[in-house]
Amino acid sequence: VVRASEVMSSAATMQKWINGHAFPGVWTLDESNSANFLRGPQDAVVVAADPDTKDRNQQAWSELERAFANETLAEHFRFGILDGAYWASTLSNWGIHQYDLPRVIVFKGNEPDLYWEDADELRVGSLAQGLNLILTGRLEPRKRRDNVVLNRLANNLYYPIRHFVSQSSLHLIGSLLTLLVLLLVVTRCIYETCGLIFIDDNGVDTEEQIEKIRAIAAAERRKKKQQ
């Protein structure tokens, strides 16, 4: 509760107070209010949760309410929760994926290019402690443009590969098996052909040796008769 005189001294003062208190409590975010929620002077704490996992979703609400009950945190932050499954494609640009929900991301109010996201230090289960790390400067912000560029690059590399594997894996396996069978057939043919050649060559050599032995034996017999 504040006195009217404290906020109505000028139009600028009143507007500043309105902007700073436009989202008291914990808000459910969607297309109708998310833009204004992120534009305020306070840093915006956003928890992405999956409504289908009721226990985790309830935990996210409880941690947000507990953080808002802290006067110091409530002065510096505004708190919201959104459907992480519905916003999955958008959240992936920030390195947040549906299988890892709930997750926390904090947007800096007066510098929209900066944000905080850390799977270890900024967790739903210890939200207040993570926000205190932001207030004390022990958790450094990241640059949104750098992160978006890196994630887009990763997606541009990952999704075509995943699509190729999912669509062509059977064809690829079939082609490899066919190639393997052809190699086995060709190898077998070469082996049998070479075997026949070697057998034929050995047969020729054996006959020539027999003829030579016979000729030598006949020559020996003639010599004996002459003697």
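Which strands and helices cover the buried residues of H7? Here are some notes on this predicted model, starting with that helix.

1. **Helix H7 and what covers it.** Helix H7 runs over residues 127–135, and its buried residues are Leu127, Gly130, Leu131, Leu133 and Ile134. Looking down the helix axis, these residues fall within an arc of 150°, so they line one face of H7. Their cover includes strands S2 (43–49), S3 (77–83), S4 and S5, together with helices H4 (54–68) and H5 (71–76). Just after H7 comes Gly137, which has a positive phi of about 80°.

2. **Ile134, a closer look at that face.** Ile134 sits in helix H7 and has a relative accessible area of 8%, so it is buried. Setting aside neighbours within four places in sequence, Ile134 is in contact with Phe77, Val106, Trp116, Leu122 and Leu139. Val106 is 28 residues away along the chain, and its C-alpha atom is 9.3 Å from that of Ile134.

3. **The aromatic cluster.** Three aromatic pairs turn up in the whole structure. One of them joins Phe68 and Phe79 edge-to-face, with 6.1 Å centre to centre and 80° between the planes. This pair links distant parts of the chain, since Phe68 belongs to helix H4 and Phe79 to strand S3, 11 residues apart. How exposed are the two partners? Phe68 is partly exposed, with a relative accessible area of 32%, whereas Phe79 is buried at 0% relative accessibility. Phe79 also pairs with Phe77, in a tilted arrangement with 6.5 Å between centres and 55° between planes. Phe77 and Phe79 are both buried, and Phe68, Phe77 and Phe79 make up one aromatic cluster. You will recall Phe77 from the previous point, as a contact of Ile134.

4. **A charge over a ring.** Arg78 lies over the face of Phe37, at 5.9 Å from the ring centre.

5. **The salt-bridge network.** How many salt bridges does the count come to? The count is four. Arg103 has two of its partners described here: Asp100, with the closest N and O atoms 2.6 Å apart, and Glu117, where the closest N and O atoms are 2.0 Å apart. The pair of Glu117 and Arg103 links distant parts of the chain, as Glu117 is in the loop between S5 and H7 while Arg103 is in strand S4, 14 residues apart. Arg103 is buried, with a relative accessible area of 10%, and Glu117 is buried too, at 7% relative accessibility. Asp100, by contrast, is partly exposed, at 34%. Together with Arg142, the residues Asp100, Arg103 and Glu117 are linked in a network of salt bridges.

6. **A salt bridge inside H4.** The side chains of Glu63 and Arg66 also meet in a salt bridge, at 2.8 Å from N to O. Both residues lie in helix H4, three residues apart, about one turn of the helix. Glu63 has a relative accessible area of 13%, so it counts as buried.

7. **Lys108, a buried charge to look at.** Where is Lys108 placed? Lys108 is in the loop between strand S4 (103–107) and strand S5 (114–116). Lys108 is buried, yet it has no salt bridge. Why does Asp43, the nearest side chain of opposite charge, not make one? Asp43 is 4.3 Å away from Lys108, and a salt bridge needs the side-chain nitrogen within 4 Å of a carboxyl oxygen, so the pair is not counted. Asp43 is still in contact with Lys108, as are Leu114 and Trp116, when neighbours within four places in sequence are left aside. Trp116 is also a contact of Ile134.

8. **Trp87, in a loop.** Finally, Trp87 is in the loop between S3 and helix H6 (88–91). Is Trp87 buried or partly exposed? At 21% relative accessibility, Trp87 counts as partly exposed, with buried meaning under 20%. Leaving aside neighbours within four places in sequence, the contacts of Trp87 are Asp30, Glu31 and Leu82. The C-alpha atoms of Trp87 and Asp50 are separated by 10.0 Å, with their positions 37 residues apart along the chain.

Methods: Residues numbered from 1 in each chain as written. Predicted model: local features only at pLDDT ≥ 70, side-chain atom pairs only at ≥ 80, totals over all residues. Heavy atoms only, no water. Helix = DSSP H or I, 4+ residues; strand = E, 2+ residues; numbered from the N terminus. Buried < 20%, exposed > 50% of the residue type's maximum accessible area, 1.4 Å probe, protein only. Lys, Arg positive; Asp, Glu negative; His and termini not counted. Contact = heavy atoms within 4.5 Å. Arc of directions from axis to C-beta. Phe/Tyr/Trp six-rings, centres within 6.5 Å; stacked < 30°, edge-to-face > 60°. Lys NZ or Arg CZ within 6 Å of the ring centre and 35° of its normal.
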